[in-house]
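Please look over the sequence and the structure together before reading on. The text below goes from the whole chain to single residues.

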Amino acid sequence: MSQPSYADSSPIRQLIVLINQNASTLEAVCSQKSTPIPDLDRPFHPSTEAFRGDPVAAEAAKVICAAALQLAAILMPPQVTLYRVAGGHFKAAAVRACLESNVTEILREAGPKGLSVQGISAINGQDPQKIGRFLRILATNHVYRELEPNVFTNNRISSMMDTLKPTKELFADPEHKHDGTPGLAALVGHHLDEAFKAAAYSWETLSDPATRLSGDPKASPFARAINSKETLWQFYERPDERDRQHRFDIGMQGIQALQPPDAILGAYNWESLPEDSLVVDVGGGVGTSALPLAITFPKVKIAVQDLPGVIMDAKKIWAEKMPAAIESGQVTLEVHDFFEPQPRLSAAVYLLKQVLHDWSDEYCIKILSHLRAAAVPETKLVLVDSIMPFACHDSSGKMKSGLPGGVPHEAPAPLLANFGAVNEMGYNADIDMFLLFNSQERTITHTEELLGSTGWKAVKVYRQEGDSTFLQGIEAIPV
Ligand SMILES: C[S@@+](CC[C@H](N)C(=O)[O-])C[C@H]1O[C@@H](n2cnc3c(N)ncnc32)[C@H](O)[C@@H]1O
């Protein structure tokens, strides 16, 4: 009797085959490289993630996770799967209660035997029953662990929220909880506060004819949530919102730390630029990208443009980090509002890194049009942003015929092309952009349309090794 072929087998069998094959690959690489597969019950440490440094192991782990999630979606009752998404705010409320009342740090200090809910409550002053219920829904989702009834401990996931500070210090000085920390707890705190409140008003924003089709940052769900036509930045300027601003800044530094500082070097073929070429880093912040560029390409000139306050900070940073570049004129730091005509005409490259995702299409069109007006035929535009992959394989082949690098490395069928929720962080960021700024991350076709409507044409996408969904470079030319 012939065995059923892979293609004929049921979807659950196909997924199980993928899990089996990739588990063997993962175990082989981990044993060869002595990078153990992490233990869910032990706290996070950078070494627990070392195995992902090997691209084969990283890919195998992604396929296993995508297959396991798809398997669960097939086999769990559909209402349960729906509620894993629709009930996100129930779990988010529980995470916030634990984060704000320092449960992770309390459990770290309690040690491996964990602590009863009464013990936790004696330290953070919360109702022991409520804390127990919050911890239980989270433990049910592999965040914390219930060791015995009403006794909890950290695991690898909950320990990600650890500020690593003594609880005494946290309770004595709550305002500075996130100072000097890696920043992830600050980021989670921000998402569970400003973004969470904005999320509650997203449908009200979308259903109101006054804001439904608006791309105005002052018409965001966040603005509705605070009942004021302010951007998030204006809100943070309020004297009584300094703590939130401070937490946001620490969270952003945490995100920045996740990308290698010289990632910009892989975002375009900078070597191709002739001596004395001018790169204009539009909305370039304090010159985070300009620094590795200036060091690696001393013959290239760079103008960093941003708003006055940012350029003031940039001047201090460059005076410390690379004063020679400023003195020699290799790097200039200048105030320029990118909604005004671009004063630096005929540059070799206009760079827009993580700028367009802050703005809706109508604003991006203004920014891109000013750069197009300043460009000459030889000018290149380099965008660095997250290109959102589609969730489907492209059976029409339409995407594949187009732009070199336009299609990311896809997961094998029957998995979702984008590896599903394994890559969810990028899609979270996209919705976060909508909630807070009325802006968005874009797919490659959306980006191409935006460029096309402003006289630019995308010619190449630069993807970093591992093809993360985080940041890609897009090279465009004037047409
Ligand atoms: C997300 S940050 C990116 C900074 C930098 N490109 C980087 O990747 O590190 C966006 C930048 O846009 C700047 N910005 C916002 N509005 C601006 C405007 N109208 N003109 C110039 N810069 C602006 C902000 O000050 C901020 O530095």
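What follows describes the overall fold, then three residues in turn.

This is a predicted model, in which local features need pLDDT of at least 70, side-chain atom pairs count only at pLDDT 80 or more, and totals for chains, interfaces and linings use all residues. Residues are numbered from 1 along each chain as its sequence is written, and side-chain values use heavy atoms, with hydrogens and water left out.

The protein chain has 19 helices and 10 strands; these are DSSP runs numbered from the N terminus, helices being H or I of at least four residues and strands E of at least two. The C-alpha trace spans about 70 × 70 × 55 Å along its principal axes. Its radius of gyration is 25 Å, which agrees with the value near 23 Å for a compact globule of 479 residues. That radius is taken over C-alpha atoms, and the globule rule is 2.2 Å times the number of residues to the power 0.38.

Of the 479 residues, 45% are buried. Buried means under 20% relative accessible area, exposed over 50%, and partly exposed in between, with a 1.4 Å probe and protein chains only. The accessible surface of the protein chain comes to about 24,500 Å², and carbon and sulfur atoms hold 60% of it; areas come from the Shrake-Rupley method with a 1.4 Å probe, and for residues only the protein chains shown count as cover. Contact means heavy atoms within 4.5 Å. Among contacts between residues at least 6 apart in sequence, 68% join residues at least 24 apart.

Now to single residues, beginning in helix α1, where N22 is placed. N22 is buried, with a relative accessible area of 14%. Neighbours within four places in sequence aside, N22 is in contact with A60, V63 and I64.

R52 lies in the loop between α1 (11–33) and α2 (55–75). With a relative accessible area of 42%, R52 is partly exposed. Its contacts, leaving aside neighbours within four places in sequence, are A58 and R156. From R52 to K316 the distance is 37 Å in space, C-alpha to C-alpha, and 264 residues in sequence.

D430 is found in helix α18 (residues 424–437). What is the nearest side chain of opposite charge to D430? It is R442, 8.0 Å away; D430 is buried yet has no salt bridge. A salt bridge is a side-chain nitrogen of Lys or Arg within 4 Å of a carboxyl oxygen of Asp or Glu. Not counting residues up to four places away in sequence, D430 touches S439, Q440 and E441.

Methods:
Lys and Arg count as positive and Asp and Glu as negative; His and the chain ends are not counted.
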